[in-house]
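This briefing concerns strand pairing and side-chain burial in a predicted model. Please consult the sequence and structure shown here alongside the points that follow.

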Amino acid sequence: GVMYFCAAIVCRFILPQTANTIYVFAQGDARYLCHQIQTELQVINKNVIICDVDFNHSYDINDNDLLLVLSIDGNTFKYNKRVVKRLEETNGTKWLISCQSNIRFKGKQLHVPIQYEKFNAYFFKYVIDLLILNLKQTY
């Protein structure tokens with residue numbers, strides 16, 4: 001119940017229907033979820049671009065676009081300050097989805113509350129699945 005409600009809220013607020021293109025960024029274990037999001041959302045004709053792992057490429061992200069940052073344990077924010085700085089300087093609506101609650105990020109955040117850290121990846125994937133499901137029903 002709570003997780004489904006959480007994903008439904010995310011869809012209403014994270015993904016404005018005006019979003020032209022959805023850019024997805026992740027490193028490490030969350031990277032495969034970028035491909036899942038891209039594959040699933042192509043079905044509803046959403047343009048999804050997976051950003052390179054170091055965010056080196058200069059993407060033409062405008063104010064109507066969405067940048068979705070996936071970081072299961074927040075490691076990107078601990079170890080890659082340069083990448084974080086570039087993410088924060090990007091145009092568009094920025095949303096960070098993470099199991100870590102204490103991340104400093106100049107953008108909106110969705111915290112996935114997990115009681116036992118060893119289950120982070122499973123619950124994180126579940127939230128992304130719900131996000132995709134809700135999106136398919138919304139668009």
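In this predicted model, Tyr23 stands opposite Ile49 in strand β2. Tyr23 belongs to strand β1, where both faces are covered. Strand β1 pairs in the parallel sense with β2 and also with strand β3.

**Pairing of β1 with β2**
- Strand β1 spans residues 21-26, and four bridges join β1 to β2.
- Besides the Tyr23 position, Ile22 stands opposite Val48 in β2.
- Between these two strands the chain passes through helix α2 (residues 31-42), forming a right-handed β-α-β crossover.

**Pairing of β1 with β3**
- Strand β3 covers residues 66-71 and pairs with β1 over five bridges.
- Phe25 of β1 stands opposite Val69 in β3.

**Burial of β1**
- Six of the six residues of β1 are buried, and the strand is thus mostly covered.
- One side of β1 carries Thr21, Tyr23 and Phe25, and the other carries Ile22, Val24 and Ala26; all of these are buried.
- In a regular strand, side chains alternate between the two faces of the sheet.

**Faces of β2**
- Strand β2 comprises residues 47-50, and its covered face consists of Val48 and Ile50.
- Asn47 and Ile49 form the uncovered face of β2.
- Val48, on the covered face, is the residue opposite Ile22, whereas Ile49, on the uncovered face, is opposite Tyr23.

Notes. Residues are numbered from 1 along each chain as its sequence is written. This is a predicted model: local features need pLDDT of at least 70, side-chain atom pairs count only at pLDDT 80 or more; totals for chains, interfaces and linings use all residues. Side-chain values use heavy atoms; hydrogens and water are left out. Buried means under 20% relative accessible area, exposed over 50%, partly exposed in between (1.4 Å probe, protein chains only). Two strands pair if DSSP finds at least two bridges between them. A crossover is right-handed if, with the strands pointing away from the viewer, the path from the first strand over the helix to the second runs clockwise.
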